[in-house]
Amino acid sequence: ELRARWSDTPIWPGRLVAETWAAVRDADRLLTLRNTRSWPAGVWEFGGAGEYLGHSGGGGVGYGPGAMVGGALAARDRGQLGVAIVGDGDLLMASGALWTATHYKIPMLVVVNDNSSFYNDEPHQAHVARHRGRPEENSWIGMRIGDPAIDIAGLAASYGCAAHGTVEDPEKLPAVLRAATADAVDGAVAVVHVRTARH
């Protein structure tokens with residue numbers, strides 16, 4: 001599936017994960033956060049304990065910002081680079097966590113998987129609509145984030161982050177991720193804003 005969808009535009013979340021892995025694989029890192037729904041199996045290699053913080057367990061939107069900063073703080077103190085892949089809806093629930101990271105000099109790489117939706121409930125709402133004989137095409141209501149689209153890179157820059165993006169061309173993703181990783185290794189809170197497909 002990764003090969004089949006590699007050149008998709010908007011960027012397929014599986015490619016986002018693969019390109020992020022390629023950018024950080026040689027760093028001593030702690031994956032503090034990842035998108036559970038869009039995680040392609042077999043792409044990110046875990047060598048053992050201490051390389052991934054784990055997920056919220058409840059699937060709630062808004063867990064990510066605090067978890068990624070707290071995890072990056074622990075990673076910093078262990079000599080590791082904190083790395084997070086966070087959804088746009090999740091980040092927007094508590095984006096002030098980016099300020100906390102910059103204020104307290106907690107370096108990390110934050111890759112924003114921006115599918116312009118809170119999304120966690122869209123498939124469920126479509127399922128319920130089918131069950132109740134209602135139109136599935138309304139499942140986006142209350143979930144989509146747009147009109148206007150949010151400039152997450154601009155938001156991150158306002159908190160003092162090294163902001164990269166908005167990336168929409170999949171071929172530009174590797175270079176942007178390498179540059180952001182270098183910024184994070186040098187001590188910045190580096191945020192990469194990437195527009196992705198919803199599924």
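**Exercise 1. Find the loop that holds Lys105, then describe its backbone and its exposure.**

Step 1: Lys105 sits in the loop between α4 (97–103) and β3 (108–114). Helices here are DSSP runs of H or I with at least four residues, strands are runs of E with at least two, and both are numbered from the N terminus.

A quick note on the model before going on: it is predicted, so local features need pLDDT of at least 70 and side-chain atom pairs count only at pLDDT 80 or more, while totals for chains, interfaces and linings use all residues. Residues are numbered from 1 along each chain as its sequence is written, and side-chain values use heavy atoms, with hydrogens and water left out.

Step 2: Look at the backbone. Phi of Lys105 is near 55 degrees, which is a positive value in a residue other than glycine. Most residues other than glycine have a negative phi, and most peptide bonds are trans.

Step 3: Check the surface. Lys105 has a relative accessible area of 61%, so it counts as exposed. The cut-offs are under 20% for buried, over 50% for exposed and in between for partly exposed, with a 1.4 Å probe and protein chains only.

**Exercise 2. Track down two cis peptide bonds, one ending at Pro10 and one ending at Thr166.**

Step 1: Going from Thr9 to Pro10, the peptide bond is cis, with omega near 0 degrees. Pro10 belongs to the segment before α1.

Step 2: Going from Gly165 to Thr166, the bond is cis too, with omega near 15 degrees. Thr166 has its place in strand β4 (residues 162–167).

**Exercise 3. Lay out the chain as a whole.**

Step 1: Count the elements: there are seven helices and five strands.

Step 2: Put them in order. Along the sequence the pattern reads α-β-α-β-α-α-β-α-α-β-α-β.

Step 3: Ask how much is tucked away. Of the chain's 199 residues, 46% count as buried.

Step 4: Turn to contacts, meaning heavy atoms within 4.5 Å. Taking those between residues at least 6 apart in sequence, 74% join residues at least 24 apart.

**Exercise 4. Work out how α1 and α7 meet, and where Glu19 fits in.**

Step 1: Start with the geometry. The axes of α1 and helix α7 (residues 173–185) come within 9 Å and cross at roughly 45 degrees. Axes are lines fitted to C-alpha atoms, for helices over the stretch in contact, with angles running from 0 to 180 degrees between N-to-C directions.

Step 2: Name the arrangement. α1 and α7 are therefore oblique to each other; angles under 35 degrees are roughly parallel, over 145 roughly antiparallel, 65 to 115 roughly perpendicular, and the rest oblique.

Step 3: List who touches whom. Arg15, Leu16, Glu19, Thr20, Ala23 and Val24 in α1 meet Leu173, Pro174, Leu177, Arg178 and Thr181 in α7.

Step 4: Zoom in on Glu19, which lies in helix α1 (residues 13–24). With 9% relative accessibility, Glu19 counts as buried. Leaving aside neighbours within four places in sequence, Glu19 is in contact with Trp6, Leu173, Pro174 and Leu177.

**Exercise 5. Take apart the aromatic cluster that includes Trp21 and Trp44.**

Step 1: The structure holds four aromatic pairs. Rings of Phe, Tyr and Trp (its six-membered ring) pair if their centres lie within 6.5 Å; planes under 30 degrees apart are stacked, over 60 edge-to-face, and the rest tilted.

Step 2: For Trp21 and Trp44, the ring centres are 5.1 Å apart and the planes are at 50 degrees, so this pair is tilted.

Step 3: Place the two partners. Trp21 is in helix α1 and Trp44 in the loop between β1 (29–33) and α2 (64–77), so the pair ties together parts that are 23 residues apart in sequence. Both Trp21 and Trp44 are buried.

Step 4: Phe46 and Tyr52 form another tilted pair, at 5.7 Å centre to centre with 40 degrees between the planes. Phe46 is partly exposed at 38% relative accessible area, and Tyr52 is partly exposed at 25%.

Step 5: Put it together: Trp21, Trp39, Trp44, Phe46 and Tyr52 form one aromatic cluster.

**Exercise 6. Is Asn113 buried or exposed, and what does Asn113 touch?**

Step 1: Asn113 lies in strand β3.

Step 2: The relative accessible area of Asn113 is 6%, so Asn113 is buried.

Step 3: Beyond neighbours within four places in sequence, the contacts of Asn113 include Pro13, Leu16, Asn35, Asp88 and Thr196.
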